[in-house]
Amino acid sequence: TMAEEAKNLTRALKGDSKQQGNWGEIVLERILEESGLVKGQEYDLEYATHNQEGDRIRPDAVIKLPDNKHVIVDSKVSLVAYEQLVGEEDEEKRTVLLKRHIDSVRGHVKQLSEKSYQTSVDLNSPDFVLLFIPIESAFAIASMEYPNLYSEAFEKNIIIVTPTTLLAVLKTIDSMWQNEKQKENAIEIATQAGRLYD
C-alpha cells in the first residue's frame, strides 16, 4: 500500500492534474476520517447539488453542523510549479517558478469563488467556502512571498486551509456535535424521568 501511495504521489507531483486532484481528495477524506466525524452522518463527499443560478455544483466535501447548517470544502492541488520550485537551485528560475506557483493558488481561489458553492439551494452554508491545500509548505511559501494571499481569498469568501488548520476546524465541529448529542441525551433523560415520576 505504501509503495502504491508513493507512486501515486510521485505521479501527482510530476504534473498529472487528474492524479493531483484525486490525491488531494484522498488526503481530504483521510483528515475527515481522522477528525472523528462520521461519513454519511456528519459529512458527505462529492455532494451534488445546484447553486442559485441553476448551475450543477459538486463540492468535494460538505460538513454538516448542528441546526441543519453546512460547511463546504473543496480541495485544490497546485503542485506543478511548486514541485519544480522545490527541486530548482538556480535563483532566477526559482523566482519565476515561485510567481507561477502563487498565480496558480490565486487562480484556484478565483475559480472556486466563481462557482458560488455557498449559494447552493439545499445547503445552509455560511458565506464562505474552505479551500483545502493538502501540502502545508505549498501554502506557506506562497503566503510568505505574497502576504495578501489569505486576505485576498477572504474578500472572495474563500478561507484557505491546510491539513493542520482543517483538522483544527473539524475537531471544533466534532466538539459541537458531541455537545449537541449530550444536549439531546439530557433532554431525553429529563423527558423519561418526568414520565417515570408521573
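A strand, as the word is used here, is a DSSP run of at least two residues marked E, and strands are numbered from the N terminus. Gly54 lies in the loop between two of these, strand S2 (49–50) and strand S3 (56–57). The tour returns to this loop at its end. The model on the screen is predicted.

**The whole chain**

Begin by displaying the entire chain as a cartoon. Seven helices and seven strands make up its secondary structure. From the beginning of the sequence to its end, the elements follow the pattern α-α-β-β-β-β-β-α-α-β-α-α-β-α. The chain has 198 residues, and 38% of them are buried. Among contacts with a separation of 6 or more, 64% join residues 24 or more positions apart. Now switch on the surface: the accessible area is about 11500 Å², and carbon and sulfur atoms account for 52% of that area.

**The sheet**

Hide the surface and select strands S1, S4, S5, S6 and S7. These five strands form an open sheet in the order S1-S4-S5-S6-S7, and the pairing is mixed. Why is one side of strand S1 (43–45) and of strand S7 (158–161) left without a neighbour in the sheet? Both strands stand at the edges and each has a single partner strand, so one side of each remains free of a neighbour in the sheet. From one strand to the next, the twist averages 25°.

Zoom in on the S1 edge. S1 pairs with strand S4 (residues 61–65) in the antiparallel sense, over three bridges. Select Leu45 to find Ala61 of S4 standing opposite.

**A histidine in S5**

Next, select His70, whose place is in strand S5. Is His70 buried or exposed? Its relative accessibility is 8%, and because buried means under 20%, His70 counts as buried. Show the surroundings of His70: leaving aside residues up to four places away in sequence, His70 touches Val62, Ile63, Lys64, Leu65, Asp122, Leu123, Asn124, Ser125 and Pro126.

**Strands S6 and S7**

Follow the sheet from S5 to S6. These two strands pair in the parallel sense over three bridges, and Ser75 stands opposite Phe132 in S6. Continue to S7: S6 and S7 also pair in the parallel sense, over four bridges. Here Leu130 stands opposite Ile159 in S7, and the bridge partner of Val129 in S7 is Ile158.

Now show the side chains of both strands. In a regular strand, side chains alternate between the two faces of the sheet. Which residues cover the two faces of S6? Val129 and Leu131 lie on one side, Leu130 and Phe132 lie on the other, and all are buried. S7 is likewise covered on both faces, with Ile158 and Ile160 on one side, Ile159 and Val161 on the other, and all of them buried.

**Helix H4**

Select residues 91–115, which form helix H4. H4 lies across strand S5 (69–75), strand S6 (129–132) and S7, and runs at about 145° to S6. A distance between the end C-alpha atoms can serve as a check: at 1.5 Å a residue, the 25 residues of H4 should span 36 Å, and the ends are 36 Å apart, which agrees.

Display the side chains of the buried residues of H4, namely Leu97, Leu98, His101, Ile102, Val105, His108, Val109 and Leu112. An α-helix has 3.6 residues a turn, so residues three or four places apart point the same way. The buried residues of H4 pack against S5, S6 and S7, and also against helix H3 (80–87), helix H5 (136–145) and helix H6 (149–155).

Then inspect the two ends of the helix. At the N-terminal end, Asp90 acts as a cap, with a side-chain oxygen 3.1 Å from the backbone nitrogen of Glu92. Just after H4, Ser116 takes a positive phi of about 50°.

**Two loops to finish**

Select Asn157, in the loop between H6 and S7. Asn157 is not a glycine, yet its phi is positive, at about 65°. With a relative accessibility of 30%, Asn157 counts as partly exposed.

Finally, return to Gly54, in the loop between S2 and S3. Gly54 counts as partly exposed, at 47% relative accessibility. Select Ser120 as well: 66 residues separate it from Gly54 along the chain, while their C-alpha atoms are separated by 9.0 Å.

Note on methods:
Residues numbered from 1 in each chain as written. Predicted model: local features only at pLDDT ≥ 70, side-chain atom pairs only at ≥ 80, totals over all residues. Heavy atoms only, no water. Buried < 20%, exposed > 50% of the residue type's maximum accessible area, 1.4 Å probe, protein only. Contact = heavy atoms within 4.5 Å. Areas by Shrake-Rupley, 256 points an atom, 1.4 Å probe, with all protein chains shown as cover. Pairing = 2+ DSSP bridges. Axes fitted to C-alpha atoms, helices over the stretch in contact; angles between N-to-C directions. Expected span 1.5 Å × (residues − 1). Polar contact = N/O pair within 3.5 Å; in protein donor to acceptor, adjacent residues only side chain to side chain.
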